[in-house]
Amino acid sequence: MQVRVIDHPLIQHKLTLIRDVKTGPKEFRELLEEVAMLMAYEITRDLPLETTMIETPVAQCACKVLSGKKISVVPILRAGLGMVNGVLRLIPAAKVGHVGLYRDPETLMPVEYYCKLPSDIAEREIVVIDPMLATGGSSAACIELLKRKGARHIKLMCLVAAPEGIHLVNNQHPDVEIYTAAVDEKLNDHGYIVPGLGDAGDRIFGTK
Ligand code: PRP
Ligand code: URA
């Protein structure tokens, strides 16, 4: 199972609050955004740097800057929206593409209903974001769609992953690195992650 678990104590603490059934939508949204920002810090750790000359008030200095790699963040609607602003707080220049997918409640298969991507998606580093990786069907379908549009460098960032979803994405997209804050035990008969956090979209937007 290829997956990077981001086990920073702040992320783990906030994830526990997010999971708690007593946490309401306002706090859930705030925490999810904070965790997304902290995870973005880890996910961007390998961004290339180059050297530039600047002048400090004291002396000239050869200093590091990002080498200008173009990044795009692609939330899977709806629940991925809850992580966008956290990521953009660290990478404000990133362009945002949107992919709309929902799981058919009977078959658990993803159904695509929306896609709007930056025109230069093929030249960008892409971070697909969705808090939940359950069967993996939605993430795998989103990655497939992005590849059809020419995308080549894709990472997947989720909050809670089930082993089933990790295996599916590993098998269908071995080139895609998965980052998560937790690998949970299993899926239940309705395809929900156990223990998970419930329905992420409903908890973000207060729907049921
Ligand atoms: C949830 C979640 C993922 C998907 C994960 O979305 O946000 O996109 O389920 O499940 P999977 O790994 O089995 O595909 P959902 O279909 O509930 O739509 P929503 O975000 O609009 O609520
Ligand atoms: N989608 C969710 O929102 N939660 C789960 O546990 C599984 C899929």
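This is a short tour of a predicted model, with a selection to make at each stop.

**Stop 1: the annotated span.** Select residues 5-207. The UniProt record, an unreviewed entry, annotates these residues as "domain: Phosphoribosyltransferase". Helix makes up 33% of the span and strand 30%. Mark the C-alpha atoms at its two ends: they lie 29 Å apart.

**Stop 2: ligand 2 and its surroundings.** Select ligand 2 and show the side chains around it. Which residues surround ligand 2? They are Arg103, Met132, Ala134, Gly191, Tyr192, Ile193, Gly198, Asp199 and Ala200.

**Stop 3: polar contacts of ligand 2.** Keep ligand 2 selected and add the backbone atoms of Ile193, Gly198 and Ala200. A polar backbone atom of Ile193 is 2.8 Å from an oxygen atom of the ligand. At Gly198, the ligand atom to pick is a nitrogen, which lies 2.8 Å from a backbone N or O atom of that residue. For Ala200, pick an oxygen atom of ligand 2, found 2.8 Å from a polar backbone atom of the residue. Now turn on the protein surface: ligand 2 on its own has 240 Å² of accessible area, and the protein covers 89% of this.

**Stop 4: a nonpolar patch.** Select Met1, Val5 and Val183, which make a nonpolar surface patch of about 240 Å². Then select Val183 alone; this residue lies in strand E13, which runs over residues 182-183. Why does Val183 count as partly exposed? Its relative accessibility is 32%, and partly exposed covers values between the buried limit of under 20% and the exposed limit of over 50%.

Note on methods. Residues numbered from 1 in each chain as written. Chains lettered and ligands numbered in written order. Predicted model: local features only at pLDDT ≥ 70, side-chain atom pairs only at ≥ 80, totals over all residues. Heavy atoms only, no water. Patch = residues over 30% accessible without salt bridge, like charges linked within 9 Å, V, L, I, M, F, W, Y side chains within 5 Å. Areas by Shrake-Rupley, 256 points an atom, 1.4 Å probe, with all protein chains shown as cover. Salt bridge = Lys/Arg side-chain N within 4 Å of Asp/Glu carboxyl O. Helix = DSSP H or I, 4+ residues; strand = E, 2+ residues; numbered from the N terminus. Buried < 20%, exposed > 50% of the residue type's maximum accessible area, 1.4 Å probe, protein only. Near = heavy atom within 4 Å. Polar contact = N/O pair within 3.5 Å; in protein donor to acceptor, adjacent residues only side chain to side chain. UniProt positions renumbered as here; feature names shortened; annotations may be inferred.
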